[in-house]
Amino acid sequence: MKKLMILAVMMVATLTASAQQKVGSWSITPTGTFNLATIVGDNTDDMSMKVGLGAGADAMYQLSSLVGLSGGLYYSMQGANGKGDVKYNVDELLIPLMANFYVYPNLALKVGLQPGFIVDAKVKSDKVEVDSSDSFQSVEISLPLGISYEISNFVIGARYNLGLAKINKGNGSWRNSVLMFSLGYKIPLGRR
């Protein structure tokens, strides 16, 4: 029984060790996201979460066995549901720049800075859709905080994007608040 337990531990350790990137290596991870987004700030009490989708990819350099640096590019459907049937649809191009801290084999905590470029903004109500791009800033900044786990090159993650800069023009301040759940596949590209 003792030999069987040692063999099982060795097999799990081998699988875990082979899944994590080697120091000095690069990888790319195409990813799809499921977003729960809202807008917070001044006069947003009647706004609630809106469901959206996103897609993109991260490129990562494994700096050490405990730290990876990544940069990504994502298209993300964000915004909020307003009072009644009003919907704020804000689509953004996100560029997350992240530090990935491996606190346990294949488990990473992530933090970084994320510029976002608003590419489309519409307010929809009663089947009427109005282009509201002029009411929104073209660039915003968020603080992404996340966690991910790698299983045989599949990467499951969750990230909260806390808006640091206002997304609206004019009086008051609206900021993004987005919870993203993601599933990606890590493709090793080799060493530098």
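## Lys122 and its salt bridge

Let's start with Lys122, which counts as partly exposed because its relative accessibility is 24%, above the 20% under which a residue is called buried. This value, like every other one in this report, comes from a predicted model. The side chain of Lys122 meets that of Asp120 in a salt bridge, with 3.0 Å from N to O. Asp120 is partly exposed too, at a relative accessible area of 21%. Side chains of opposite charge can pair in this way when their charged atoms come close.

How many salt bridges does the structure hold? There are two. Besides the pair just described, the side chains of Glu150 and Lys186 meet at 3.0 Å, again N to O. This pair links distant parts of the chain, since Glu150 sits in strand β8 and Lys186 in the loop between β10 and β11 (187–191), 36 residues apart. Are these two residues buried or exposed? Both Glu150 and Lys186 are buried.

## The overall plan

Now let's step back and look at the whole protein. It has one helix and eleven strands. If you read along the sequence, the helix comes at the start of the pattern and the strands follow: α-β-β-β-β-β-β-β-β-β-β-β.

The protein has 192 residues, and 39% of them count as buried. Its accessible surface comes to about 10,500 Å², with 67% of that belonging to carbon and sulfur atoms. Take the contacts between residues at least 6 apart in sequence: 60% of them join residues at least 24 apart.

## Inside the cores

Which residues make up the largest nonpolar core? It has ten: Ile39, Met47, Ala80, Tyr88, Val90, Ile118, Ala121, Phe136, Ile167 and Trp174. Strands β4 (87–94) and β6 (107–125) each supply at least two residues of this core. Apart from it lies another core of five residues, including Ala37, Leu94, Val178 and Met180.

Tyr88 is a good residue to explore on your screen. Leaving aside its neighbours within four places in sequence, Tyr88 is in contact with Ile39, Met47, Lys50, Gln78, Gly79, Ala80, Gly82, Lys122, Val123 and Trp174. Notice that Lys122, where we began, is one of these contacts.

Another residue to find is Ser132, in the loop between β7 (128–131) and β8 (139–151). Ser132 counts as buried because its relative accessibility is 9%. Not counting residues up to four places away in sequence, Ser132 touches Ala121, Lys122 and Val123.

## Strand β9 and its partners

In a regular strand the side chains alternate between the two faces of the sheet. You can follow this along strand β9 (residues 154–163): Val155, Gly157, Arg159, Asn161 and Gly163 point to one face and are buried. Phe154, Ile156, Ala158, Tyr160 and Leu162 point to the other face and are not buried.

Strand β9 pairs with β8 in the antiparallel sense, joined by ten bridges. The hairpin of β8 and β9 has two residues between the strands, and Ser152 takes a positive phi near 50° there. Strand β9 also pairs with β10 (residues 174–185), again antiparallel, over nine bridges. Tyr160 lets you see both pairings: this residue is the bridge partner of Leu145, and Tyr160 also stands opposite Leu179 in β10.

## Aromatic pairs

A pair of aromatic rings is described by the distance of the centres and the angle of the planes. How many aromatic pairs does a search of the whole structure find? The search finds four. In one of them, the rings of Trp26 and Tyr61 have their centres 5.1 Å apart and their planes at 50°, so the pair is tilted. Trp26 lies in strand β1 (residues 25–41) and Tyr61 in strand β2 (residues 50–62), so the pair ties together parts that are 35 residues apart in sequence. Trp26 is partly exposed, with a relative accessible area of 39%, whereas Tyr61 counts as buried at 17% relative accessibility.

Tyr88 and Trp174 form an edge-to-face pair, at 5.6 Å centre to centre and 85° between the planes. Tyr88 in strand β4 and Trp174 in strand β10 are 86 residues apart, so this pair, too, links distant parts of the chain. Both residues, Tyr88 and Trp174, are buried. Together with Phe136, Tyr88 and Trp174 form one aromatic cluster.

Technical notes:
Residues numbered from 1 in each chain as written. Predicted model: local features only at pLDDT ≥ 70, side-chain atom pairs only at ≥ 80, totals over all residues. Heavy atoms only, no water. Helix = DSSP H or I, 4+ residues; strand = E, 2+ residues; numbered from the N terminus. Buried < 20%, exposed > 50% of the residue type's maximum accessible area, 1.4 Å probe, protein only. Contact = heavy atoms within 4.5 Å. Areas by Shrake-Rupley, 256 points an atom, 1.4 Å probe, with all protein chains shown as cover. Core = buried A, V, L, I, M, F, W, Y, C linked by side-chain atoms within 4.5 Å. Pairing = 2+ DSSP bridges. Phe/Tyr/Trp six-rings, centres within 6.5 Å; stacked < 30°, edge-to-face > 60°. Salt bridge = Lys/Arg side-chain N within 4 Å of Asp/Glu carboxyl O.
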